[in-house]
Amino acid sequence: MHPTAERLLRATEELLHEQGQTRISLRDITERAGANVAAVSYHFRSKDALVEETFRRALEEVTEQRRRQLATLAPDADLRDVVRTWLAPALDPSSQDPREAQLWALIARGMREEAPGLGAAVGSVSAGVDDELFALLTRHLPHLDADEVRVRHTATLAALSSRTVSPDDAELLLDWVVAGLSGPGRTSR
C-alpha cells in the first residue's frame, strides 16, 4: 500500500479511537496524516470509505489473532476452553497484547456508534475464523443444528459488544456463555 494511504489509515484509526467517528472530520484526518484532501479522494474515494477501510483492517487483524489462538487449542479441548479462547478479549482484557486491546476497543466503539459498513465488514472478515470456531462449537454441541449454533454465537457477541466485563465477573460470564451455548436445542420450529 502507498505510504500516504498507510498514514491516512493510521491517522484515522487513532482519531476513531480517541474521538469516535461522528466527531472527526476529514481535515482532522489529513492534518494528523500530513496529507491533503485530494489524497483521501485518490486512495479511498471519501472519508466514509476511509473509515470503513480502517474498521475492516482492524477486524482483519483481530480476526487473525483469534484464529491463531483457536488453532493453539489441544484436540481434546473442552467447550469451556473453546469459549475461553474465543472470548479472551472480553473475558480478560488485561491479558491482551496492547495492540489487540486497542483494536477491540476501536471495534467496540464503532459498534456502539453504528459505524457505516462495520456490520458488513464483520460478516465478511470473520468468515474464516467463524468456520474454525463453528467446527469446534459443533463438535462440542452435537445436540444443536448448525443454525442454532450460529444464532447462539451471534447472540453471545451481541450481548458482549455493549458492555465491559470486570475481572471479577469473567468466570461468571464464562459459565453463563458455556451454559447458554450448551443448553437444550429447539424442540419445534
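**Helix packing around α1**

Trainee: How do α1 and α7 stand to each other?

Mentor: α1 and α7 are roughly perpendicular to each other, and please keep in mind that this is a predicted model. The angle between helix α1 (residues 3-19) and helix α7 (residues 98-112) is about 65°, and angles from 65 to 115 degrees count as roughly perpendicular, which means that this pair falls in that class. Their axes are 9 Å apart.

Trainee: OK, and is the crossing of α1 and α7 left-handed or right-handed?

Mentor: The crossing of these two helices, α1 and α7, is left-handed. On the α1 side the contact is made by E13, L16, H17, E18 and Q19, while α7 supplies R99, Q102, L103, A105, L106 and R109.

Trainee: How do the residues of that contact of α1 with α7 divide?

Mentor: Four of the residues joining α1 to α7 are nonpolar, three are polar and four are charged.

Trainee: You listed E13 there; is E13 buried or exposed?

Mentor: E13, which sits in helix α1, has a relative accessibility of 12% and therefore counts as buried, the cut-off being under 20%. Setting aside neighbours within four places in sequence, E13 touches T54, R99, Q102, L103 and L106.

Trainee: Switching partners, at what angle do α1 and α2 cross?

Mentor: The axes of α1 and α2 cross at roughly 125° and come within 8 Å, and that angle makes α1 oblique to α2. The crossing of α1 with α2 is right-handed.

Trainee: And which residues meet in that pair, α1 and α2?

Mentor: From α1 there are R7, L8, A11, T12, E14, L15, E18 and Q19, and they meet D28, I29, T30, R32 and A33 of α2. Sorted by class, this contact of α1 with α2 contains five nonpolar, three polar and five charged residues.

Trainee: New topic: how many residues has the largest nonpolar core?

Mentor: That core has 26 residues, and those with the most contacts inside it are L8, L16, I29, F44, L50, F55 and L59. Two or more residues of this core come from each of α1, α2 (26-33), α3 (37-44), α4 (47-71), α7 and α8 (118-125).

Trainee: What does F55 touch?

Mentor: Once residues up to four places away in sequence are left out, F55 touches L16, L106, G110, A115 and L118.

Trainee: What lies apart from that largest core?

Mentor: Apart from the largest core lies another one, of 23 residues, which include L70, L73, A170 and L181.

How values were computed:
Residues numbered from 1 in each chain as written. Predicted model: local features only at pLDDT ≥ 70, side-chain atom pairs only at ≥ 80, totals over all residues. Heavy atoms only, no water. Axes fitted to C-alpha atoms, helices over the stretch in contact; angles between N-to-C directions. Helix = DSSP H or I, 4+ residues; strand = E, 2+ residues; numbered from the N terminus. Parallel < 35°, antiparallel > 145°, perpendicular 65-115°, else oblique. Left-handed = near helix turned anticlockwise from the far one by under 90°. Contact = heavy atoms within 4.5 Å. Nonpolar A, V, L, I, M, F, W, Y, C, P; charged D, E, K, R; others polar. Core = buried A, V, L, I, M, F, W, Y, C linked by side-chain atoms within 4.5 Å. Buried < 20%, exposed > 50% of the residue type's maximum accessible area, 1.4 Å probe, protein only.
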